[in-house]
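User: Please take a close look at one part of this model, the open sheet in the second chain. Then set that part in its wider surroundings.

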Amino acid sequence: MVKGPGRFGFVALLLWASSLVMPPALAAEATLDRGALATALCGDGAAQAKAVEGVLRNSAEATSGDLAWAGTILRALLDRRLACLGESALVLDRAGATDGRDAATGTARPVTGGRSPVLGLRQRALIETASGAASLLTGADVELRRAGLAALERRIATVPEALLLRAASAESDPGLRAGLAAIAQSAALSSVDPARRLAAIRAVSEAPSGAAFSRLSALKADAAYGSDPAFRSALDAALARVERAVSIGNGLAVLYNGLSFASILFMAAAGLAIIFGLMGVINLAQGEFIMIGAYATYGVQEAVRRIAPGWLDAYLLAAIPVAFLTSALVGIAIEALILRHLYRRPLMSLLATWAVSLFLINGVRVAVGSQNLQFAMPPYVSGGVPLYADFVVTWNRLFAIAFAAVTLVLTLVILKRTPLGLDIRAVTQNRDMAACLGIRTRRVDRLAFGFGSGLAGLAGVALCPIYSVNPGMGANFVIDSFMVVVLGGVGTVVGTLVAALGIGGANVLIEPLYGAVAAKVIVLAGIILFLQRRPEGLFAVRRRR
Amino acid sequence: MSALVIDSLEVVFGAFRALDGLSLAVDPGEVRAVIGPNGAGKTTLLDAITGIARPRSGRILLGDGRDLTQASEAEIARAGVRRKFQKPSVFPALTVRENLGLGCGPDCPARERPVRLARALAETGLEARASVPAGALAHGEKQWLEIGMVLASEPRVLLLDEPVAGLSDDETARTAELIGALRRPDRAILVIEHDMAFVEAVADRVTVLHEGRTLFEGAMAGARADARVIDVFLGR
Amino acid sequence: MSGALDLSPGIPAARRRGLILGGDPLLAGLVGLVLAAALGLVLLPPAPYLVNMIGQLAAFAILAVSLDLVWGYLGILSLGHGLFFAIGGYVCAMHLLAHAYVVTGTAPDLMQFMGWKSLPVYWTGLTSAPYALALALGLAAAVAFVFGLASFRSRVNGVYFSIISQALVYVAMLLMFRNDTGLGGNNGMTGFSLLFGWPMGSPGVVTGLAVATLLSLAAVLVGARALVASPLGRRMLACRDDEARLRTLGYGTTRLKLGIWCLSAAIAALAGLLYVPQVGIINPRVLSPDLSIEIAVWVAIGGMGRLGGAVIGAIAVNALKFWLSAAMPEAWPFILSGLVLVVVLGLPNGLLDLATLRLKPNWLQRAGPQP
């Protein structure tokens with residue numbers, strides 16, 4: 001997950017900063033006098049400091065070649081690999097080597113008679129910063145650039161704004177770019193120039209996040225907060241703005257999480273509702289069909305890893321049909337072996353499906369083990385897009401939501417547009433009449449049971465990237481999905497959808513306010529109260545008694 | 001004064017208007033038949049009277065002015081309205097005698113109970129089966145047991161839901177006889193039926209329902225002659 | 001009760017009036033056995049662990065009978081009866097801790113754990129055993145009343161009722177897992193030291209508890225038999241088989257169901273009350289939905305709709321569980337699920353089918369109201 005300020009905020013910051021801190025005179029690329037720098041580094045502390053400060057000041061404008069060169073020589077100086085021979089400096093491969101290359105010309109020369117320049121504490125710090133600037137701007141890989149940035153951060157006050165901007169515009173790694181933006185912000189916030197600070201406060205408040213809030217809050221301790229009314233009012237306004245945005249963002253995040261939870265619930269409950277409407281059977285093993293779907297997904301992952309490791313990222317998609325079919329087949333087998341005999345005794349079918357669930361949980365526990373399964377996260381389910389404040393649209397949850405949406409559409413199409421769907425609806429509304437019309441109700445039952453179980457299997461695929469997968473995982477969803485069926489009404493997909501959204505939403509909405517337990521208590525009490533008004537659920541299919 | 005008054009009754013299921021402002025009055029001692037094609041609202045009418053279906057508007061009144069519109073099923077039954085269901089519905093785990101005992105209802109005086117039980121057993125010819133669990137009875141015996149349960153309560157209003165559906169001609173004739181025997185001056189009987197010949201044999205008047213409304217009310221002969229009734233039944 | 005049904009006059013009057021157990025020889029035998037076991041424990045006490053086990057089994061049998069009353073005779077399958085059992089258990093545990101606190105001055109663990117100076121207000125009075133007994137039964141009945149009223153009034157029944165009752169016990173479990181309930185949270189309550197001033201675990205107390213549980217079981221069985229053999233029992237069966245029909249005969253079924261449901265809850269609480277001092281601990285795991293389903297499994301295995309079946313089922317399954325979960329813990333879940341499937345599919349009346357080897361006609365196999 002991407003942390004820190006959003007991309008949009010960062011762009012805004014760049015625009016602002018570039019207009020603010022780039023005097024026209026410096027915009028032209030300055031060239032570096034390599035010889036002078038080498039000489040100065042071999043000189044006394046004052047000369048060293050002056051030269052390195054120059055490098056740092058001009059780092060935003062210097063050519064990459066010069067910077068890389070300066071980085072090499074400064075690094076060498078820090079590592080005691082620089083030898084001074086009169087006016088020229090030699091860079092050694094390692095400390096104490098007998099040969100080196102002339103820093104300015106690159107020709108190889110013996111070190112004989114050379115001396116190592118003395119480095120004071122202040123100079124060392126300066127050189128570390130300048131060297132960091134060079135690696136940040138010219139480092140070949142992310143790690144080098146990150147190390148360079150870390151060096152700059154230690155003495156951020158001495159780092160020119162333009163350097164950070166240049167680094168940010170050139171940076172390709174998003175994480176590092178976000179880090180750069182944050183540092184540029186703090187640099188501006190602690191600037192001595194009041195106008196710059198005010199502008200920085202405004203800019204920070206335009207990219208609201210929890211981090212921005214704490215960064216701004218820290219400024220309340222600043223002396224200017226007490227003495228400068230303009231500063232104070234600007235900061236208070238910015239804080240209020242950020243706080244509101246952050247709470248909106250958090251609200252969005254809660255809704256988003258609720259939506260993804262509801263998606264899983266919907267997939268688990270849709271099958272339950274169809275089966276219950278059709279046969280009056282509640283399948284207590286529905287949670288275990290979810291678990292089977294998740295384990296089938298794991299199986300597909302392992303198979304792909306072995307057979308075609310290059311295609312590993314695609315396993316989640318490949319698992320969709322596999323999980324559906326696995327759960328559906330297990331469901332059909334259970335229907336054929338057990339439930340078929342129990343349609344006239346729905347309460348006994350509760351016990352029978354509980355026994356099945358007990359069997360499946362312990363079967364998987366013995367066969368695979370009870371630890372959580374490890375899943376590889378393909379790019380399309382890892383990370384996300386920061387959308388507003390701290391609200392990040394994470395791909396794994398979006399995957400589940402999209403998945404549920406597709407499932408919803410497919411379920412509706414199958415129920416409304418296919419012969420099987422017509423049969424299911426007919427048998428749900430009037431079993432005897434449907435049988436009289438020549439519908440093979442037992443076959444419809446079996447296929448519908450398979451379909452409902454398969455839907456639970458799909459839920460298993462969708463939750464792999466979000467929740468932990470172990471033999472007992474079904475218990476986390478099953479009671480909530482029963483409540484969805486009770487609330488939504490029997491045999492109605494739309495009712496199931498609305499109820500899943502309601503219960504999923506209520507759970508995540510109440511949770512942050514009163515805790516997870518209170519959420520469950522309130523939801524259950526709400527359902528029981530609701531049943532006082534509508535005992536048949538939200539959208540009951542009307543049946544002739 | 002009528003024994004049962006239905007006043008502009010409206011029963012709605014979702015978008016479907018099962019009864020659409022139906023009015024009906026049955027006199028004490030009368031046998032009234034309600035006929036009509038499938039979906040005309042006949043069963044819904046019985047459901048509404050017995051409290052199973054809730055009307056949206058309109059009223060259901062007994063002869064003594066008691067309003068049954070919002071009463072529960074149990075209250076309606078205790079007010080003296082009994083229904084014989086189309087499918088024989090007896091309690092399989094209880095004996096014939098226990099079923100009849102429940103049929104007397106909760107308000108039956110304890111002293112009267114043995115008398116009523118004995119009479120119901122005699123009238124239905126189930127004396128020899130009194131201690132047999134009802135679940136073990138033959139289909140026909142269950143029908144009789146259910147009639148016995150209704151009789152044991154001595155209802156003021158008796159509702160019969162398709163009493164001859166699926167019966168042979170012989171059995172239909174016997175049932176017609178039975179209904180004749182059930183007639184009492186203080187009892188109104190409402191029969192729902194498809195079988196025209198049967199209706200003609202038992203009913204004093206008929207009410208023809210169509211799409212939740214009264215299409216015709218009067219003697220059976222009049223119904224046979226009515227053009228609209230013919231339209232509806234022949235489905236032109 | 002006014003308007004009582006006439007009990008079958010075909011049966012000799014002596015059998016009708018005198019012996020409630022006369023109509024059910026199996027149950028009569030079981031009650032005799034339970035009383036004999038109680039006497040045996042007093043006269044020839046076996047090893048304390050065995051005494052303790054017998055006592056626990058008897059508590060489970062009471063619990064099973066409470067469920068059979070509503071399921072087997074009224075067609076209401078509760079998958080949340082663990083809630084009422086737990087109410088009894090928790091109240092009993094509170095009483096034991098409060099009693100020991102008063103007598104010995106040792107504060108209960110949960111007070112130290114939460115850093116409380118005194119017990120929460122709802123512990124008031126629990127040092128009194130009669131109050132604890134009344135609270136346990138009354139609270140269970142009250143909770144059952146509220147839940148039952150809401151459900152029965154809106155005609156929630158069958159499978160719907162079952163899964164909502166399951167959600168109820170699940171929510172209760174989550175609630176009790178919290179530490180701030182003042183009832184021990186996750187750890188529950190344990191470390192009971194005194195019962196009526198006597199040290200827990202002493203042979204006398206162990207035997208006393210087991211005997212008390214056995215006698216309670218016998219009393220519950222006789223009482224339940226009296227109930228189901230009464231006119232009210234006839235109505236229960238009628239309600240089980242066709243509730244809508246019973247209503248159209250003039251009987252208000254909500255009151256009937258509510259009354260029996262609350263009675264059943266109180267009996268389950270009694271079982272919990274007797275069980276907890278014998279195991280020495282209560283924690284929220286008693287409220288797990290699986291345990292509540294297991295109660296129904298005992299009844300189904302023993303034979304629902306027969307009080308004797310519930311007793312046999314509870315004792316057989318739990319004895320097997322005591323033995324197997326020690327001997328081969330891995331295999332127990334498989335054996336239990338296999339047992340359930342065999343009984344549900346092959347023996348509609350449970351183990352009693354095996355005992356009588358008599359095929360019941362279809363009408364007795366109906367498990368409950370059809371949805």
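Analyst: The sheet comes first, then its chain, then the neighbouring chain and the cores.

This is a predicted model, in which local features need pLDDT of at least 70, side-chain atom pairs count only at pLDDT 80 or more, and totals for chains, interfaces and linings use all residues. Residues are numbered from 1 along each chain as its sequence is written, while chains are lettered from A and ligands numbered from 1 in the order in which they are written.

Start with the sheet in chain B. It is open and has six strands, in the order β5-β6-β7-β3-β8-β9. The pairing is mixed. Strands here are DSSP runs of E with at least two residues, helices are runs of H or I with at least four, and both are numbered from the N terminus. Two strands pair if DSSP finds at least two bridges between them. The edges are β5 (81-84) and β9 (213-218) of chain B, each pairing on one side only. From one strand to the next, the twist averages 20°. In general, strands of a sheet pair through backbone hydrogen bonds, either parallel or antiparallel.

Now the β5 edge. β5(B) pairs with β6 (residues 157-161) of chain B in the parallel sense, over four bridges. In this pair, B:Val81 stands opposite B:Val157 of β6(B).

A helix crosses this sheet. Helix α1 (residues 42-50) of chain B lies across β3 (31-35), β5, β6, β7 (188-192) and β8 (205-210) of chain B. Helix α1 of chain B runs at about 145° to β6(B). Axes are lines fitted to C-alpha atoms, for helices over the stretch in contact, and angles run from 0 to 180 degrees between N-to-C directions.

Next, the loop after β6. B:Glu162 sits between β6 and α6 (169-182) of chain B. B:Glu162 has a positive phi of about 45°, although it is not a glycine. Most residues other than glycine have a negative phi. B:Glu162 counts as buried because it has 20 C-beta neighbours inside 10 Å. The cut-offs are 20 or more other C-beta atoms within 10 Å for buried, 12 or fewer for exposed, and in between for partly exposed, with C-beta atoms placed from the backbone.

Step back to the whole of chain B. Its assignment gives domain 1 (1-80 + 157-236) and domain 2 (87-154). Such bounds come from an automatic or database domain assignment. The centres of the two domains of chain B, taken over C-alpha atoms, are 25 Å apart.

Chain B also meets chain C. The contact takes 29 residues from chain B and 21 residues from chain C. Contact means C-beta atoms, placed from the backbone, within 7 Å. On the side of chain C, α9 (231-241), α10 (243-248) and α16 (362-365) each give two or more residues. α9(C) gives the most, with four residues.

Chain C itself has 16 helices and four strands. Buried residues make up 52% of its 371 residues. C:Arg155 lies in the loop between α6 (129-153) and α7 (158-176) of chain C. C:Arg155 also has a positive phi, of about 60°, although it is not a glycine.

Last, the cores. A nonpolar core is a set of buried Ala, Val, Leu, Ile, Met, Phe, Trp, Tyr and Cys residues joined through C-beta atoms within 7 Å. The largest has 289 residues, and C:Ala64, C:Val65 and C:Ala269 have the most contacts inside it. Helix α13 (residues 229-279) of chain A gives the largest share of this core, 16 residues.

Terms used
Two residues are in contact if their C-beta atoms, placed from the backbone, lie within 7 Å.
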